Amino acid sequence: MREEEKIFAGKLFNNQCAELRAIKRKSHAANQRYNRLDETDPERDEIIRSMLGRVGGTFHLVGPIHFNYGTHTFIGENFFANFNFTVMDDARVFIGDNVCIGPNVSLLATNHPLIAQERMGLDKEGHTTLAEFAEDIHIGSNVWIAANVCVTGGVHIGDGAVIGAGSVVTRDIPAGHIAFGVPCRPVRPITEADSARGRLLPEDAEYFRHNFPGF
C-alpha cells in the first residue's frame, strides 16, 4: 500500500517518505510564492488553483496561507479565508459553498498516537520516526468559522453552522446551529430572530440585495 493510500485508509503512515515529501515540497513552495505576492495580484488565484485538489470559481484567501499537502483540500464556490489560514490536510479536507473563515483558523486533519513510545522513536542512524495518522474534515455549505478556531480531524460541521471565536472543535456540529467553547459544543439553533436586517440602511439595500432578498 502506498503511503498516501495509508493516509486515506486511516492507517499509520511515514510522513518522511519520498512520495509524501514530494507532494509537500510542491505545496510548501506554492504557499511561499502566494505569500510573497500582493493581496490583489491575479497570479495568486492561479497558484491556488494549481495547488488545491479542487476550488470553485470565486474565492479569496487574504494570506498568509499554509497548506501542508494542498492536493488533499477540496473547496466549493464563493469561499473566503482571512489572515493566517492553516490547513494541515494530511487527510482530506472538504469545504462546501459560501464558507467564510475568520483570521487565524486552523484545520488540522492529522494526529499522532497518545502513547509516547508509539508516537516518537529513534532509529540506529539517529533519525526520528514520528508515527502519524489522519482523519478527514468535512465542512458543509454556508458555514462561518470565526477567528482563532481550531478544527481537528474527523469532525463534520453541518450546513449553516456558525463556530464562535476561539473554539476548539473536536466533535461534530449539527447543521444550522451556533456553537462555541473549548471543547466546542452546539449552543442553540440559528433562527430568524438572529437576522441582521435591522442593521441594514436603505442606501445599502441594492448592494446587499442578494443577502437580504425582499428588503
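1. Strands E10 and E11 pair in the antiparallel sense, and three bridges connect them. One of these places Gly 121 opposite its bridge partner in E11, Thr 129. The hairpin of E10 and E11 has five residues between the strands, and within this hairpin Gly 126 takes a positive phi near 85°. The model is a predicted one, and every value in this note should be read with that in mind.

2. E10 and E11 belong to an open sheet of three strands, with antiparallel pairing and the order E1-E11-E10. The edges are strand E1 (13-14) and strand E10 (120-122); each has a single partner strand, so one side of each is left without a neighbour in the sheet. Strands of a sheet are held to one another through backbone hydrogen bonds, in a parallel or an antiparallel arrangement.

3. The other pairing in this sheet joins E1 to strand E11 (residues 128-132), in the antiparallel sense, over two bridges. Phe 13 has Glu 132 of E11 as its bridge partner, and Asn 14 stands opposite Ala 131 in E11.

4. A further set of pairings centres on E18. Strand E16 (residues 162-163) and E18 run parallel and are joined by two bridges. Val 162 has Ile 178 as its bridge partner in E18. With strand E19 (residues 185-189), E18 pairs in the antiparallel sense over four bridges. There, Phe 180 stands opposite Arg 185 in E19.

5. The two faces of E18 can be told apart by their cover. In a regular strand, side chains point by turns to one face of the sheet and the other. Strand E18 (residues 177-180) has His 177 and Ala 179 on a covered face, while Ile 178 and Phe 180 are on an uncovered one. Ile 178, the bridge partner of Val 162, is thus listed on the uncovered face, as is Phe 180, which stands opposite Arg 185.

6. The connection from E18 to E19 deserves a look of its own. The hairpin has four residues between the strands, and Gly 181 takes a positive phi near 120° in it. A cis peptide bond, with omega about 0°, joins Val 182 and Pro 183. Pro 183 is found in the loop between E18 and E19.

7. A second cis peptide bond to inspect joins Gly 63 and Pro 64, again with omega about 0°. Pro 64 is in the loop between strand E2 (59-61) and strand E3 (65-67). For background, most peptide bonds are trans, and most residues other than glycine have a negative phi.

8. Two asparagines have a positive phi. For Asn 78, phi is near 60°, a positive value in a residue other than glycine. Asn 78 sits in the loop between strand E4 (73-75) and strand E5 (79-81), and it counts as partly exposed at 42% relative accessibility. Asn 148 also has phi near 60°. The loop that holds Asn 148 lies between strand E13 (144-145) and strand E14 (150-152). With a relative accessible area of 44%, Asn 148 is partly exposed.

9. On cysteines, a search of the whole structure finds zero disulfides. Cys 184 is in no disulfide, and the nearest cysteine sulfur, that of Cys 150, is 11 Å away. Cys 184 has 2% relative accessibility, under the 20% cut-off, and so counts as buried. Cys 17 also counts as buried, at 12% relative accessibility.

10. Some totals for the protein follow. There are four helices and 19 strands. The C-alpha atoms fill a box of roughly 70 × 40 × 25 Å, taken along the principal axes. Of the 215 residues, 40% count as buried. Among contacts between residues at least 6 apart in sequence, 25% join residues at least 24 apart.

11. On surface and charge, the protein exposes about 11,800 Å², of which carbon and sulfur atoms supply 54%. There are 21 positive and 27 negative side chains, and the centres of the two sets lie 5 Å apart.

Technical notes:
Residues are numbered from 1 along each chain as its sequence is written. This is a predicted model: local features need pLDDT of at least 70, side-chain atom pairs count only at pLDDT 80 or more; totals for chains, interfaces and linings use all residues. Side-chain values use heavy atoms; hydrogens and water are left out. Buried means under 20% relative accessible area, exposed over 50%, partly exposed in between (1.4 Å probe, protein chains only). Contact means heavy atoms within 4.5 Å. Accessible areas come from the Shrake-Rupley method with a 1.4 Å probe; for residues, only the protein chains shown count as cover. Lys and Arg count as positive and Asp and Glu as negative; His and the chain ends are not counted. The place of a charge is taken as NZ of Lys, CZ of Arg, CG of Asp or CD of Glu. Two strands pair if DSSP finds at least two bridges between them. A disulfide is a pair of cysteine sulfur atoms within 2.5 Å.
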